[in-house]
Amino acid sequence: MRRSSTFVSSFPLHILLLSCFLLTLNQSSAMWKDRDADLVDQICKKTPFYDLCSSILHSNPLSPNTDPKGMALIMVNDILTNATDTLSYIEQLIKQTSDPQLEQELAFCAESYIPVVKYILPQAADAISQGRFGFASYCISDAEKEVDACNKKFSDSSQSPISDRNSIMQKLVDVAAAIVKLLLHG
């Protein structure tokens, strides 16, 4: 009988200890989340488009568990997704247009985006993964030049049907370039 009374009297103690442990674990988890969110904010504040950077990194489920290198990789992958979507959009516009000048301008843009999607951004992602930040910076700069060439191809008389997409691409590239620059300079 004595054993059962000891068990009964120590039972609330076990519950109390377990509750304290779970509370500490929960607070610790919240603290790590805040620290990771702070890291995203610290990185994004050093980019030219804080809101865009913060939106992309906070919406990515991998961001809270990553470092600046991982954040750069997330940004490059986001640029790749946008570039791929833009290339598909350009290809659709080419099929739909009956204006030969617009078709030529769009074809030039498609030719600019193809290497960005197939080679430049995948090489940038690989370089970041391998810690070759100088080469990643070069690739990102090259992607920016290709998007800029597309922008400049449209004559003054015709409004680019992809100017909004190119503008977003330019901003994304600027954010990624800023993060990679932080990695380069430690």
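This passage walks through the disulfides, the main nonpolar core and one loop threonine of a predicted model.

Start with the cysteines. The structure contains two disulfides, and a disulfide is a covalent bond between the sulfur atoms of two cysteines. Counting bonded cysteines along the chain, the pairing runs 1-2, 3-4. One of the links ties Cys 44 to Cys 53, with an S to S distance of 2.1 Å. The torsion about this S-S bond is -70°, which puts the link of Cys 44 and Cys 53 in the left-handed camp. Neither end is out in the open: Cys 44 and Cys 53 are both buried.

The other link pairs Cys 109 with Cys 150, the sulfur atoms sitting 2.0 Å apart. Here the angle about the S-S bond comes out at 100°, and the link of Cys 109 and Cys 150 is right-handed. This pair connects distant parts of the chain, as Cys 109 belongs to helix α4 (residues 100-129) and Cys 150 to helix α5 (residues 133-153), 41 residues apart. Cys 109 is buried, and Cys 150 is too. Another cysteine worth a look is Cys 139, which counts as buried because its relative accessibility is 3%, under the 20% cut-off.

Next comes the packing. The largest nonpolar core has 47 residues, and the members touching the most others are Leu 57, Met 75, Val 76 and Tyr 113. Two or more residues of this core come from each of α1 (2-44), α2 (50-59), α3 (68-96), α4, α5 and α6 (163-184). Helix α4 chips in the largest share, with 13 residues. For a feel of how one of these well-connected members is placed, take Val 76: leaving aside residues up to four places away in sequence, Val 76 is in contact with Leu 121, Ala 124, Ala 125, Ile 128, Ile 140 and Ala 176.

Finally, back to the neighbourhood of the Cys 44 to Cys 53 disulfide. Thr 47 lies in the loop between α1 and α2. Is this loop residue, Thr 47, buried or exposed? Thr 47 counts as buried, because its relative accessibility is 10%, again under the 20% limit. Its side chain reaches the backbone oxygen of Cys 44 at 2.7 Å. Thr 47 also touches Cys 53, along with Val 175, Ala 178 and Ile 179, when residues up to four places away in sequence are not counted. In short, Thr 47 has a side-chain link to the backbone of Cys 44 and a contact with Cys 53, the two partners of that disulfide.

How values were computed. Residues are numbered from 1 along each chain as its sequence is written. This is a predicted model: local features need pLDDT of at least 70, side-chain atom pairs count only at pLDDT 80 or more; totals for chains, interfaces and linings use all residues. Side-chain values use heavy atoms; hydrogens and water are left out. A disulfide is a pair of cysteine sulfur atoms within 2.5 Å. Buried means under 20% relative accessible area, exposed over 50%, partly exposed in between (1.4 Å probe, protein chains only). Helices (H or I, at least four residues) and strands (E, at least two) are DSSP runs, numbered from the N terminus. A nonpolar core is a set of buried Ala, Val, Leu, Ile, Met, Phe, Trp, Tyr and Cys residues joined through side-chain atoms within 4.5 Å. Contact means heavy atoms within 4.5 Å. A polar contact is a pair of N or O atoms within 3.5 Å; within protein, one must be able to donate a hydrogen and the other to accept it, and residues adjacent in sequence count only if both atoms are side-chain atoms.
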